[in-house]
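Trainee: Hello! I am new to this structure and would like a close look at one strand and the parts around it. Could you walk me through that region and then show me how it fits into the whole chain?

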Amino acid sequence: EMASASFGACVLCRRAAVKISSRGMSAAAGAQSQGDFLSGEPHRKHPGVTNLKTLRLPDELQAAARTIINTPVTQLTDRSRTLANFLWSRKRAVEDWTLRIRQTKQQLEENLLEERIRKKVFSELRKTTYHWTPMKYDEELAVVYMAARLAGGYAAVRRAINEIKKRDPSFAPKSLLDFGSGLGTVVWASHSCWGDTLKEMVCVDSSGPMNVLAERLLKGDEERAEPHIKQVYFRQFLPVSPKVQFDLVAAAFTLSELLSVKDREEAVLTLWRKTGSYLVLVENGTKEGHQMLMEARDAVLKVRKHRRIVSASVFAPCPHDLSCPKLTVGPTAPCNFQQMYHPLPLPGRQTEKFSYLILTRARPAQADGADWARLIAPVQRRTRHVHCRACCSDGRLQHLVVTARKHSRDVYRCARSSDWGDQLPTAPRGDDDQSDSE
């Protein structure tokens, strides 16, 4: 009896060993197929990682800016802080149709209110209506703007175009158009990525003092010196000819300076017509900034749909060409991202929070058929699982709980190595994944 019992136990052990072995082989095969998207890269450098470490201004730009800041400007620190806060909280101009609706409501109520009460209502209406005024920079205010926004603006643009540099390594632009160029941060950021190929950079800004200051920065604040970046041309108006196109077109913190929805739409469509490959738009990471970018996105995609030509698609940050789920699920936080940077006048690190949109003439290809989602919030790492809030390719916001068992070891390790703003290869939704729209 003991011999038969030991024989039975041995058979069970062999069966268990076979099962474990077969499971191990299938798991290894699954991991290998899931890991194809890595293309031989380690998990911490998987293809979806687009975040950058804390950015510093290029040495030449930082030296020139510090020299200019040392020139006497009254209360520079306080004024730069005030200007930065004002620009961050700035809203779009109130549209005429909005005012007409308010006016109609008031007219309906006029017959029911006494003259004294009516005057009080109109007074309150004037107080609550946002009064938008265009920014006009003289020589001194341009320096204040430089102290307030040079480093942060450079960080946002550099982070946005790094997406193109990382995901499309074959892109080698020869020409650049910067609309609303300001201090020339787009030129500096683009030169840091494609300095070997860029041969023509056109900066368009209606402010003469701002163009002068941008030129001073290029020359290291030495009037007779050769500019650090050559072939940069400053204009106050866009090139007239519709046939003139540029490989890379950008507008950073510019849409918010245009008066109306119509003006912004016309500007975006004009820039798109001048785009050979990529159009990059950057705004403040506020609800206003996000909504303006979504208006621009809709305007370009609507033209594509009307003409029935696949000439425009969203490259980043959206993983789809569908409506923005952030706008359709009700009042939510804006779709924004962040980049750490070293500020200009003070030591230490600061964070630039921004929204961006990149449109391309070619339809973006996904690596090895992987389904990539965009992480739209900080990743929460826990024991043996990771919480990821993502915008997915099906046009929905998802709360993904990524585990090695459910999503494969490679996806899990990539999730632990990713952060807000990166892309993540995702499998179909599991039972415990939640849709934020639900």
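Mentor: Gladly; here is a walk that starts with the whole chain, moves to one strand and its partners, and then visits some side chains and the confidence of the model.

Before we start, please keep in mind that this is a predicted model, in which local features need pLDDT of at least 70 and side-chain atom pairs count only at pLDDT 80 or more, while totals for chains, interfaces and linings use all residues. Residues are numbered from 1 along each chain as its sequence is written, and side-chain values use heavy atoms, with hydrogens and water left out.

The protein chain has 13 helices and 14 strands. Helices (H or I, at least four residues) and strands (E, at least two) are DSSP runs, numbered from the N terminus. Of the 438 residues in the protein chain, 45% are buried. Buried means under 20% relative accessible area, exposed means over 50%, and partly exposed is in between (1.4 Å probe, protein chains only). Among contacts in the protein chain with a separation of 6 or more, 77% are between residues 24 or more positions apart; a contact means heavy atoms within 4.5 Å.

Now to our strand, S8, which covers residues 350-360. Because 8 of its 11 residues are buried, S8 is largely enclosed by the rest of the structure. Let us look at its partners, remembering that two strands pair if DSSP finds at least two bridges between them. S5 and S8 run antiparallel and are joined by 7 bridges; in one of these pairings, Val282 has Tyr356 of S8 as its bridge partner. Strand S7 (residues 337-341) is also antiparallel to S8, with 5 bridges, and here Met340 is matched with Thr351 in S8. S6 pairs with S8 over 3 bridges, again in the antiparallel sense, and Ala316 has Ile358 of S8 as its bridge partner. As you trace these strands on screen, it helps to know that in a regular strand the side chains alternate between the two faces of the sheet.

Next, the aromatic rings. The structure holds 6 aromatic pairs. One of them is Tyr137 with Tyr145, an edge-to-face pair at 5.4 Å centre to centre and 65° between the planes. Rings of Phe, Tyr and Trp (its six-membered ring) pair if their centres lie within 6.5 Å; planes under 30 degrees apart count as stacked, over 60 as edge-to-face and the rest as tilted. Both Tyr137 and Tyr145 are buried. Tyr278 and Phe315 make another edge-to-face pair, at 5.1 Å centre to centre with 75° between the planes. That pair links distant parts of the chain, with Tyr278 in strand S5 (residues 275-284) and Phe315 in strand S6 (residues 313-316), 37 residues apart. Tyr278 and Phe315 are both buried, and they belong to one aromatic cluster with Phe171 and Trp194.

Charges meet rings here too: a charge sits over a ring if NZ of Lys or CZ of Arg is within 6 Å of the ring centre and within 35 degrees of the ring normal. Arg167 lies over the face of Phe315, 4.0 Å from the ring centre. The charged end of Arg361 sits over the ring of Trp272, at 4.1 Å from its centre.

Trp194 leads us to helix H7 (residues 185-194), which is largely enclosed by the rest of the structure because 8 of its 10 residues are buried. Trp194 is one of those buried residues, and so are Ala189 and Cys193.

A short stop at Ser256, in the loop between S4 and helix H9 (261-273): its side chain makes a polar contact with the side chain of Glu283 (3.3 Å). A polar contact is a pair of N or O atoms within 3.5 Å; within protein, one must be able to donate a hydrogen and the other to accept it, and residues adjacent in sequence count only if both atoms are side-chain atoms.

Finally, confidence. pLDDT is the predictor's confidence in each residue, from 0 to 100. The mean pLDDT of the protein chain is 82, and 76% of its residues reach 70 or more. Among the elements, strand S4 (residues 246-252) has the highest mean, 98, and helix H1 (residues 2-34) the lowest, 43.
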